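Please open the model in a viewer and keep the sequence panel beside it. The tour below proceeds from one selection to the next.

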Amino acid sequence: SRASGLAERLGEFTLPVLVITGDDDRIVPTADSIRLAGELPNAELVVIPQAGHVPHEERTAEFMQAIEAFLASLP
């Protein structure tokens, strides 16, 4: 399959983006999520402790707090 070229275009994103990851994600390494949030110009990063790849199931309350805070911060 053809590469999308998306990685080279991350700086073009203008919408706010919330990147959420668990601190023990073994599918998408946490470091990759940290890097992604750093490459998106308008991104916020939340690393949920004691969670893996599915923090929305493993740490539901913390996940929802992150979503609610992000939404409340939007203009």
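Begin by selecting Val47, which is partly exposed at 34% relative accessibility; buried means under 20% relative accessible area, exposed over 50%, and partly exposed in between, with a 1.4 Å probe and protein chains only. Before continuing, note that this is a predicted model, in which local features need pLDDT of at least 70 and side-chain atom pairs count only at pLDDT 80 or more, while totals for chains, interfaces and linings use all residues. Residues are numbered from 1 along each chain as its sequence is written, and side-chain values use heavy atoms, with hydrogens and water left out.

**Strand β2 and its surface patch**

Val47 belongs to strand β2, residues 43-48. Helices (H or I, at least four residues) and strands (E, at least two) are DSSP runs, numbered from the N terminus. Now add Ile34 and Leu45 to the selection: together with Val47 they make a nonpolar surface patch of about 210 Å². Such patches are made of residues with over 30% relative accessible area and no salt bridge; like charges are joined within 9 Å, and nonpolar side chains (Val, Leu, Ile, Met, Phe, Trp, Tyr) within 5 Å. A salt bridge is a side-chain nitrogen of Lys or Arg within 4 Å of a carboxyl oxygen of Asp or Glu.

**The whole chain**

Zoom out to show the full protein. Its secondary structure comes to three helices and two strands, which follow the pattern β-α-β-α-α along the sequence. Taken along the principal axes, the C-alpha atoms fill a box of roughly 35 × 35 × 20 Å. Of the 75 residues, 23% are buried. The accessible surface comes to about 5,300 Å², and carbon and sulfur atoms account for 56% of this surface; the areas come from the Shrake-Rupley method with a 1.4 Å probe, and for residues only the protein chains shown count as cover.

Contact means heavy atoms within 4.5 Å. Among contacts between residues at least 6 apart in sequence, 66% join residues at least 24 apart.

**Inside helix α1**

Which residues does Ser33 touch, leaving out those up to four places away in sequence? Select Ser33, in helix α1 (residues 30-39), and display its surroundings: Val19, Thr21, Val28 and Leu45 are the residues that Ser33 touches. Ser33 is buried, because its relative accessible area is 8%.

Move next to Ala37, also placed in helix α1. Ala37 is buried as well, with a relative accessible area of 10%. Apart from neighbours within four places in sequence, Ala37 is in contact with Val19, Ala43 and Leu45. For a distance across the model, select the C-alpha atoms of Ala37 and Ala66: these residues are 29 apart along the chain, and the two atoms are separated by 15 Å.

**Charged side chains**

Colour the side chains by charge. The protein has 5 positive and 12 negative side chains, and the centres of the two sets lie 8 Å apart. Here Lys and Arg count as positive and Asp and Glu as negative, while His and the chain ends are not counted; the place of a charge is taken as NZ of Lys, CZ of Arg, CG of Asp or CD of Glu.

Side chains of opposite charge can pair when their charged atoms come close. The structure holds five salt bridges. Stay in helix α1 and select Glu39 and Arg35, which lie four residues apart, about one turn of the helix. The closest N and O atoms of their salt bridge are 3.5 Å apart. Glu39 is partly exposed at 36% relative accessibility, and Arg35 is partly exposed at 46%. Add Asp32 to see the network of salt bridges that links Asp32, Arg35 and Glu39.

Select Arg9 and Glu12 next; their side chains meet in a salt bridge of 2.9 Å, N to O. Arg9 is partly exposed, at 46% relative accessibility. Then turn to Arg26 and Asp24, joined by a salt bridge whose closest N and O atoms are 3.2 Å apart. Arg26 counts as exposed because its relative accessibility is 70%, whereas Asp24, at 39%, counts as partly exposed.

**Two loops**

Is Ile27 buried or exposed? Select Ile27 in the loop between β1 (17-22) and α1: with a relative accessible area of 61%, Ile27 is exposed. The C-alpha atoms of Ile27 and Phe13 are separated by 24 Å, and the two residues are 14 apart along the chain.

Finish at Gln50, in the loop between β2 and α2 (55-58). Although Gln50 is not a glycine, it has a positive phi of about 55°. Gln50 is exposed, with a relative accessible area of 63%.
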